[in-house]
Amino acid sequence: MKRNLSIFLGILFAIVTLSNGQFEKAMGGNIPVVFSSSTPEELQAVINQLSRIGEAEGDRWEPYYYSAYGYIRMSGMFERGEDKDKYLNLAKAEVEKGQAIDPSNSELEALKGYHIMMQLTVDPQSRGMMYSGRAFESFHKAIKMDPDNPRAHYLLGRMEYGTAQFMGGANEQACGSLLKARKLFMKNEEPDRSFSPTWGKESTEAAIKEICEGGE
């Protein structure tokens, strides 16, 4: 009986190990493509792969995160508002799948705010009041979930800058958030092997140069 149990546990361990290895290989191959793709077709192909990975795993939020990020990127490749909204709505659906798995995930909440912020930019005049409040809510919630999440501070800074530009205000608040993001990126320079997001450092530096240093 003990021998049979040991065999069963050994097989189970081998299956789990194989599954984990396949997940890591698949994610490691697809995540860089989300960032390097330059056409909607390339992005859709990798998003399809990530969606299949997410469905196969069932309990991992990362595939849905990167699918959502891919759709946000894709939305920026179109000129028409209808097309942008189409892919931003798909991004929203992917974020919701991830949050169903991990409701307290700061990265997903920050990405939710990002997708709302991009929806606002489709039609700032009619969407500004409603969408800005929702975006700020998500960014502040993401920071509350994890105060050390640099992407949440970076995105908050971008939102604060956009609001200041729209309302005719100053950039001090935006620069405070962006400089906080820079500090956190410097603090968290060690690579994360769990496939958690690591993007945003270069964008933060570019934003600081543009917004806080006058492009110098």
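## Nonpolar core

A nonpolar core is a set of buried Ala, Val, Leu, Ile, Met, Phe, Trp, Tyr and Cys residues joined through side-chain atoms within 4.5 Å. In this predicted model, the largest such core holds 49 residues, of which Met-27, Leu-111, Tyr-114 and Leu-155 touch the most other members. When residues up to four places away in sequence are set aside, Leu-155 touches Ala-110, Tyr-114, Met-117, Phe-139 and Trp-199.

## Helix H7 and its surroundings

Helix H7 comprises the 18 residues 150–167, for which a rise of 1.5 Å a residue predicts a span of 26 Å, and this agrees with the 26 Å between its end C-alpha atoms. The buried residues of H7 include Leu-155 and its sequence neighbours Tyr-154 and Leu-156, together with others such as Pro-150, Met-159, Tyr-161 and Ala-164. The cover over the buried residues of H7 includes H3, helix H5 (106–122), helix H6 (124–145), helix H8 (172–187) and helix H9 (201–212).

At the start of H7, a side-chain oxygen of Asn-149 comes to within 3.0 Å of the backbone nitrogen of Arg-151, and Arg-151 is itself among the buried residues of the helix. Just after H7, Gly-168 adopts a positive phi of about 80 degrees.

## The loop at Glu-79

Glu-79 is situated in the loop that joins helix H3 (62–75) to helix H4 (81–101). Its relative accessible area is 77%, and because exposed means over 50%, Glu-79 counts as exposed. Although Glu-79 and Val-122 are separated by 43 residues in sequence, their C-alpha atoms lie 9.5 Å apart in space.

How values were computed
Residues are numbered from 1 along each chain as its sequence is written. This is a predicted model: local features need pLDDT of at least 70, side-chain atom pairs count only at pLDDT 80 or more; totals for chains, interfaces and linings use all residues. Side-chain values use heavy atoms; hydrogens and water are left out. Buried means under 20% relative accessible area, exposed over 50%, partly exposed in between (1.4 Å probe, protein chains only). Contact means heavy atoms within 4.5 Å. Helices (H or I, at least four residues) and strands (E, at least two) are DSSP runs, numbered from the N terminus. The expected span of a helix is 1.5 Å times one less than its number of residues. A polar contact is a pair of N or O atoms within 3.5 Å; within protein, one must be able to donate a hydrogen and the other to accept it, and residues adjacent in sequence count only if both atoms are side-chain atoms.
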